[in-house]
Amino acid sequence: MLVEIFITMLILALVAAALNKYPKISGIVTFFASLIPFLVVISWSQDIGLSFPQFLKFFTLEKSLNYNIGIATFMLKITPLGWFFLLLLASAFPMAILFSITFIKKNAGGFYAAMITSMIGSMGILLAQDILSFYMFWEIMSWSILALVMRSHDKKAIMSYLSFGVLSAMLILLGIMLLYSETGTFVFSEMGFMANNTTLIALSLLVSGFAVKGVLVPMHVWAPYVYSRSEEPFVAFLSGGLSKLGYFAMILFMYSVVGISVLNSWGTFRDVSIFGYTLAFIGALTAFIGTVLAIMQDDLRKLLAYSSIGQLGYIAIGIGIGTPLAMTGALFQALNHTFFKSALFLAAGAVYYRTGKWKISELGGLGYKMPFTFLAVLFAIFALAGIPITSGFAAKWLLYEAAIQKKFLFITPIMLIAGVGAFLYSYKILYGVFLGEPRHNVKEAPLSQLAAMWLLVLPLIIFLIFPGWFVDLTSPILKWYGLMPISHTPYTITTSLAAYNTLAVILALIGGLILAFALYFSKPQKVVPHTDNYLAGEPPELYEHISMHAASKYYEPFDEVFYPFFKRGAEMCWMAILKFVKILGEGARAIYTGIVNDYSIYILIFFLLLVGWWLIW
Amino acid sequence: MVMNIITSILVMSGMVALGFAIGMLFNGIARKVVARIHNRVGPPVYQGYIDVFKLFSKKTNISHGWIFDLAALFSVGGIALTFLFLPVAGVSMLSGEGDLFLILYLIAIPALGFALGAGASGNPNAAVGMMRALMMMLAYELPIAMVIVAMMVYYNTTSLAGIVAMQSNLKWAIGIPPFLIGALVADMALQGMLMEKPFDIPLAPHEIATGPLVEFGGKHLGSIILYKMMGTVVETTLFVDLFLGGGVVLNVNQFGWFAYLVNFIVWFVLILVVFLIAVIINAVFPRFRIEQALKFYWKYDALVALFILFWIFSGVMV
Amino acid sequence: MTYELLVPIFIVSTALISIGLYGVMSKKNILKIILSLDLMDTGVNILIVAMGYLPGGTAPIENGNYKVYVDPVPQALVLTAIVIGVSVTALALAIAINYYRKTGTIELEKEGVMKW
Amino acid sequence: MVMFDVPPVLLIAFPLFFAFLAPLIYYLSKKSIKFYTLGVLILNAILSYFLFFRVMDEGVVYEQLSGFYPPVGILLAVGYLGSILAMLINTLATINYVSFFDEKSHSLRFSMLYMLVTASSTGIVVTGDLFNMFVFFEITAVGSYGLLASKGTKRSYEGAIKYIVLGSIGSSFILLGIATIYGYLKTLNFYDIAARISTMPIEAKLMAFTFLVIGIGVEAEIFPLNGWVPDAYQGASSRVASFMVLGPSKAGIYAIARLIFTLIPFSDGYELALILGALTLLIGELAALNQKDVKRMLAYSSIGQMGLILIALSLHSQIALIAAVFLIVNHALAKSLLFLGSRNYASGILKNPVIGASIFIGALSIIGMPPFPGFWGKWYLIVDMAHNGLWFMISVILFAAIVEAVYYARFLFRGTGNEKVTLLPGEKIAIISLAVLLVIIALFPFLLYNPASNAATSFLGGGP
């Protein structure tokens with residue numbers, strides 16, 4: 001059945017590509033194709049030990065599959081970890097497609113085909129049980145993303161994605177080859193590890209390879225270019241969905257394939273392996289750098305890109321610490337990020353769809369024109385900033401708790417300050433795009449786009465009220481790794497340090513709001529346009545040439561303070577390496593002088609060298 | 001069971017009312033104190049009550065649409081919500097249900113609501129003011145986060161009620177050398193939190209016409225003023241809870257209602273003292289520019305906080 | 001063995017090959033280069049013929065009188081090699097003529113047109 | 001599967017005969033010459049299939065020519081690798097010839113040279129005799145000189161002259177090697193040489209090896225000997241360059257394989273091949289990195305691929321040899337596809353999706369992206385190296401792969417999107433057929449894996 005599902009999706013991808021001339025029909029076909037992974041993942045829920053009702057079993061699927069292609073066997077199997085990440089991807093994917101039905105107009109067939117292919121690759125990665133199939137599906141995913149990035153026609157984006165993609169692929173290949181030489185087998189479950197340096201070097205290579213997909217500093221350089229130049233539904237899926245694959249792979253290799261005891265062989269720091277601690281520190285650094293750079297951006301997509309980098313850093317922190325609390329937090333953050341970042345990128349797309357603008361300083365006042373988009377963005381931003389009106393807070397709270405539990409004195413303040421930084425850029429989005437002076441007379445976004453955004457926001461609200469349900473979802477993973485699931489009820493989570501009761505928060509909020517409403521409705525009010533007040537009655541026409549929207553260079557003092565520190569970033573380092581390689585290239589080219597006499601001299605020199613070698617030998 | 005719930009709801013409502021009342025009083029006191037320092041007569045101490053009453057009785061209330069109204073709703077609702085999660089004078093209303101991190105994020109709810117309203121007003125001054133407020137927040141959060149993390153690690157709990165409980169029997173954190181310095185660092189941060197000079201950059205009445213507040217009037221302004229007043233209470237209480245044992249001097253189990261009374265009085269005095277320190281500094285200092293404030297907090301304040309972190313770090317390592 | 005007898009031939013052929021290589025390495029004129037290549041070819045061919053040499057042997061032609069004759073294979077090889085050399089030279093010259101027609105010179109440029 | 005037992009000599013004799021018959025056809029009808037040539041090529045390709053299946057059934061096929069018995073007579077010995085390559089060369093030559101169909105001045109000479117080169121390249125891979133191999137090398141070379149110059153521009157002549165000079169030096173070296181071997185062993189038969197090579201004095205053996213490596217290395221594009229490659233490919237038309245990649249260079253690499261495996265196998269030879277391969281790979285890829293001219297860039301890339309194949313050969317293990325076969329097939333298919341498509345600009349991918357996708361597939365396969373054959377080649381190669389713990393070499397290969405990806409990206413996305421370069425219909429057909437072949441191997445890799453596995457076993461056992 002599993003093979004048939006893969007083949008069906010492949011065929012649907014071809015159908016979507018063939019319907020190139022009819023973007024809408026192609027989009028609808030793809031939407032139905034995109035529901036398949038979701039149904040698949042729901043059907044598997046009982047197999048990994050979740051008590052989902054029987055009627056949600058849409059397909060009767062085998063739990064594992066060995067597929068022989070003649071020269072190699074692909075081993076696929078559903079594991080709790082793979083299931084969880086597949087759930088994330090399979091939920092975000094249909095929304096991206098739903099959005100693109102109205103959004104993608106040009107050459108839609110190719111877009112949809114590549115999207116489905118990337119999903120096929122992701123499914124393969126999440127199910128893979130051996131190195132070969134993991135790597136193959138990883139590459140398929142990676143290259144179908146390239147096909148999508150290529151649609152941007154932006155050389156910088158394409159080149160940076162490609163260079164980093166290949167760099168990551170090579171790091172991964174080197175890492176898995178080291179593992180293979182260490183254990184002599186391709187199959188994950190057969191790998192019995194000795195705690196030695198080779199394994200950990202391999203693991204370091206693998207993690208730095210996955211860090212490219214997971215956009216950790218300093219492998220993040222490609223992301224702002226790609227995120228800011230490609231089409232929004234794709235970026236939503238790339239940032240929201242596919243970036244999680246990097247973290248999936250990190251967890252898979254660190255805790256499942258290699259195992260915690262080997263990790264600890266490089267020494268531990270407060271019961272956290274040095275390896276994990278380093279990863280956590282890089283994660284914290286990523287969170288901070290991403291946040292600061294996000295504050296500086298004016299392009300809406302670039303802002304979201306850097307914010308994505310910052311938010312993904314939190315997942316790395318959780319994975320690095322690796323306690324049940326931290327793992328739950330990391331997975332929770334992954335879930336939140338999937339939904340809110342997809343929603344935000346889609347909303348950015350919707351704004352572009354209506355206004356045709358990306359620059360925050362050129363937008364403004366859309367809140368009243370596109371109220372539903374605004375509200376979706378508002379909820380997504382609550383989740384992003386971790387404000388406890390969505391589930392975003394619970395994830396960050398778990399991570400903070402985990403860090404304090406391990407007494408991480410330096411990581412925690414960085415995380416906290418990155419969290420505060422998130423308020424800054426969130427407000428930049430809210431103010432610059434949706435509030436302030438209305439500048440565009442536009443309609444609300446089309447229905448398919450709104451539906452996609454709101455369906456993405458919905459889980460954030462559900463998991464706000466019932467974070468315990470989320471813990472239930474992740475407990476099979478923790479059990480799989482031999483960890484104790486954290487103690488919880490549907491709406492409380494308790495740790496050794498404190499407790500968090502969502503019901504109390506919500507009830508108190510309702511109480512507070514009742515008070516506020518009572519005060520608010522005490523007197524009637526009248527609504528006047530913006531210009532009425534601050535122009536003090538003068539006709540607005542006089543001020544048409546003056547922008548009353550203060551969004552241009554919004555955080556200028558901040559930029560002035562921080563820019564000198566971020567002027568020389570990771571990008572410059574990579575460019576320096578690239579330059580060095582190019583100089584090498586120039587050197588290699590200089591050999592081919594184009595003069596035939598030189599070439600014959602080379603032959604003679606080679607002859608003499610060989611003779612010399614034989615003589616010495 | 002039902003009685004318990006009703007009782008606690010009543011207690012909490014009372015506490016919120018008390019919080020608002022103290023906030024309004026503080027507003028009056030502050031104005032009086034500043035006036036006396038400036039050698040003026042100043043308004044009466046109860047001026048805060050008069051202001052709020054006046055604002056809520058205005059006939060014309062100007063709104064700029066529903067997003068603008070969110071400010072009024074979220075600011076009052078959110079600050080009341082935050083107050084409920086603080087242990088006040090040893091009374092932990094809901095503070096067992098959340099912890100310090102939750103409080104840090106809950107404070108953001110009214111702030112964000114306020115920011116939404118300010119942004120929706122469309123006035124550039126409001127936007128500039130909000131920008132400054134947010135940058136101030138980023139600035140003072142770093143030192144205070146470092147101190148708070150140091151305290152959490154030291155007391156091995158993240159719950160504010162837990163930290164207060166650990167400081168019972170007058171074992172206040174301020175008596176521990178690193179946290180004495182920590183209290184100074186946090187007091188600097190408090191100055192920014194309360195938006196008193198030299199950190200009243202977001203309001204800056206002379207530059208940007210009170211910034212975010214500029215478009216508010218009537219009941220909207222009343223809500224915002226209420227939020228500001230309650231904010232002073234919340235922030236000073238947070239400080240007192242962290243460093244001064246929450247004002248708890250007598251054990252409730254031992255002394256019963258008398259202990260509550262004494263604790264409340266001590267708590268009130270303590271937050272008044274903390275507040276007055278801020279007000280007096282406010283009265284004699286000019287205003288920083290925003291980048292100066294940022295540099296101040298991130299360079300000097302944070303450096304001292306880092307020193308505390310290392311101090312605690314060495315202790316934890318041993 | 002008979003290799004002592006072949007030493008002068010070795011010297012001659014090595015000299016020819018060296019001269020040819022030197023010409024290829026130093027000359028810009030296409031004709032000179034082709035001549036040098038021919039010299040190299042000749043040197044190699046001499047060497048191969050010498051390989052089949054037997055003292056007192058005659059040409060390996062069947063004429064009824066069974067005598068000692070030299071190894072016929074190298075001679076066959078050399079014949080083939082000569083034919084090939086001729087064809088290569090002819091083709092090279094043809095291309096050289098075409099090159100001359102296009103550029104008006106028979107010298108390869110000091111700096112190649114196509115380089116790096 | 002075998003329909004009739006094809007004698008290997010037919011593969012060579014058939015096109016040679018028809019090549020010399022071509023003037024007659026040309027005299028009768030000038031237009032039909034291209035159909036005639038195509039027909040001959042197709043027939044030859046079909047013959048090569050029969051030969052392939054025969055070899056797969058029977059194992060190595062021997063055939064002695066001219067009535068003498070080996071070791072005196074000339075022997076043809078078609079092994080697994082030989083039959084794979086014969087099939088590859090003939091098929092691809094046929095496909096490639098389609099791209100010349102629209103040539104306005106479709107001359108007789110061109111067709112004749114084309115058939116000659118095809119026949120002699122095939123000859124190299126089926127022969128069992130050293131001198132015979134030399135002769136085929138020379139015919140290939142002469143034909144290639146003519147083809148490279150056939151564009152008729154100054155650059156094409158210059159490139160051809162460079163090739164002539166280096167090729168002639170190379171052939172002299174081969175002759176020297178043959179002379180050395182013959183002088184000691186009095187034989188030219190591969191089997192005979194291999195059996196008795198140990199009786200040769202070590203110095204003579206090394207000298208013979210050196211001469212042959214240099215001589216064949218010129219054809220096989222090995223690093224210090226490949227000066228002609230970029231110039232000749234840049235000067236020639238893209239289609240001729242494509243043909244050069246799929247025919248003569250593959251024959252050259254086969255000859256190198258024969259040399260280091262069956263003719264003079266010794267450990268330093270493998271070591272030398274490894275070093276040369278790594279150097280060729282690195283220099284080729286790095287030189288391509290900054291290259292602006294597309295054909296020259298592809299030529300450098302071709303050099304790099306040859307280095308990779310040489311590395312695979314030098315490891316002389318079963319898996320590495322399978323990798324080598326995959327790499328050879330991949331290079332022949334993908335690189336000739338890319339040469340054919342080198343005139344097509346980036347915009348082509350959107351304006352002409354099929355051609356664009358085909359070129360994309362070609363580039364992906366060269367870079368080594370799964371599931372295309374290039375991936376399997378690199379994968380098996382790296383797996384084998386991981387076995388042997390050659391981590392430095394793996395790093396070199398992976399570094400080269402990154403460089404490769406970067407310049408291929410530039411190749412794919414060059415141009416502003418407004419260029420109007422239209423490929424001829426013939427070229428399009430050729431490009432698409434090559435891409436289809438790549439996809440077929442990608443989908444059914446065992447089609448290539450099983451023969452490759454046989455070839456590897458046979459080669460390791462000292463066979464052809």
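## Confidence in the model

Among the elements of chain C, helix H1 (residues 3-26) of chain C has the lowest mean pLDDT, 85, while helix H2 (residues 30-51) of chain C has the highest, 88. Taken over the whole of chain C, the mean pLDDT is 81, and 80% of the residues reach 70 or more. These scores belong to a predicted model, and they are worth keeping in mind while you look around. Where pLDDT is low, the predicted coordinates should not be read in detail.

There are also scores for the model as a whole: the ipTM is 0.84 and the pTM is 0.88.

## Chain A at a glance

A good place to start is chain A, which holds 23 helices and eight strands. Its C-alpha trace spans about 105 × 60 × 55 Å along the principal axes. How does the radius of gyration of chain A sit with that of a compact globule? For 617 residues, such a globule would have a radius of gyration near 25 Å, and chain A has 26 Å, so the two agree.

Of the 617 residues in chain A, 59% count as buried. Contacts between residues 24 or more positions apart make up 77% of those in chain A with a separation of 6 or more. Chain A is divided into domain 1, covering 1-150, and domain 2, covering 568-616. The centres of these two domains of chain A, taken over C-alpha atoms, are separated by 45 Å.

## Details within chain A

Chain A contains an open sheet of three strands in the order E5-E6-E7, with antiparallel pairing. Strand E5 (488-489) and strand E7 (499-501) of chain A are the edge strands, each pairing on one side only. Strand E6 (residues 492-494) of chain A is joined to E7(A) by three bridges, and the two run antiparallel. If you look along this pair, you will find Thr494(A) opposite Ala499(A) in E7(A).

Another spot to visit is Asp559(A), which lies in helix H21 (residues 556-566) of chain A. Is Asp559(A) buried or exposed? The answer falls in between: Asp559(A) has 18 other C-beta atoms within 10 Å, and is therefore partly exposed, since a buried residue needs 20 or more and an exposed one has 12 or fewer. The C-alpha atom of Asp559(A) is 8.1 Å from that of Ile295(A), although these positions lie 264 residues apart along the chain.

## Where chains A and B meet

Four pairs of chains are in contact, and of these, chains A and B share the most contacts. Here 69 residues of chain B are in contact with 63 residues of chain A. Several elements of chain B each supply at least two residues to the side that touches chain A, among them strand E1 (62-63), helix H3 (66-84), helix H10 (218-243) and helix H13 (290-317). Which element gives the most? That is H6(B), with 17 residues. By class, this side of chain B has 42 nonpolar, 18 polar and nine charged residues.

Strands take part in this meeting as well. Strand E8 (residues 526-527) of chain A pairs with E1(B) in the parallel sense over two bridges. In E1(B), Ile62(B) is the bridge partner of Lys526(A).

Chain B does not reach every other chain. No contact joins chain B and chain C, and their closest C-alpha atoms lie 53 Å apart. Chain B and chain D also have no contact, with their closest C-alpha atoms 40 Å apart.

## Chain D and its contact with chain C

The contact between chains D and C takes 27 residues from chain D and 28 from chain C. On the chain D side, the elements that give two or more residues are helix H5 (130-149), helix H6 (154-185) and helix H9 (228-235) of chain D. H6(D) provides the largest share, 17 residues. By class, the side of chain D that touches chain C has 15 nonpolar, seven polar and five charged residues.

Chain D also has a strand pair of its own. Strand E1 (residues 61-64) of chain D and E2(D) pair in the antiparallel sense over four bridges, and Leu75(D) in E2(D) is the bridge partner of Gln64(D). In a regular strand the side chains alternate between the two faces of the sheet. Both faces of strand E2 (residues 75-78) of chain D are covered: Leu75(D) and Ala77(D) are buried on one side, and Leu76(D) and Val78(D) are buried on the other.

Methods: Residues are numbered from 1 along each chain as its sequence is written. Chains are lettered from A and ligands numbered from 1 in the order in which they are written. Two residues are in contact if their C-beta atoms, placed from the backbone, lie within 7 Å. Ala, Val, Leu, Ile, Met, Phe, Trp, Tyr, Cys and Pro count as nonpolar, Asp, Glu, Lys and Arg as charged, and the others, Gly among them, as polar. Two strands pair if DSSP finds at least two bridges between them. The radius of gyration is taken over C-alpha atoms; the globule rule is 2.2 Å times the number of residues to the power 0.38. Domain bounds come from an automatic or database domain assignment. pLDDT is the predictor's confidence in each residue, from 0 to 100.
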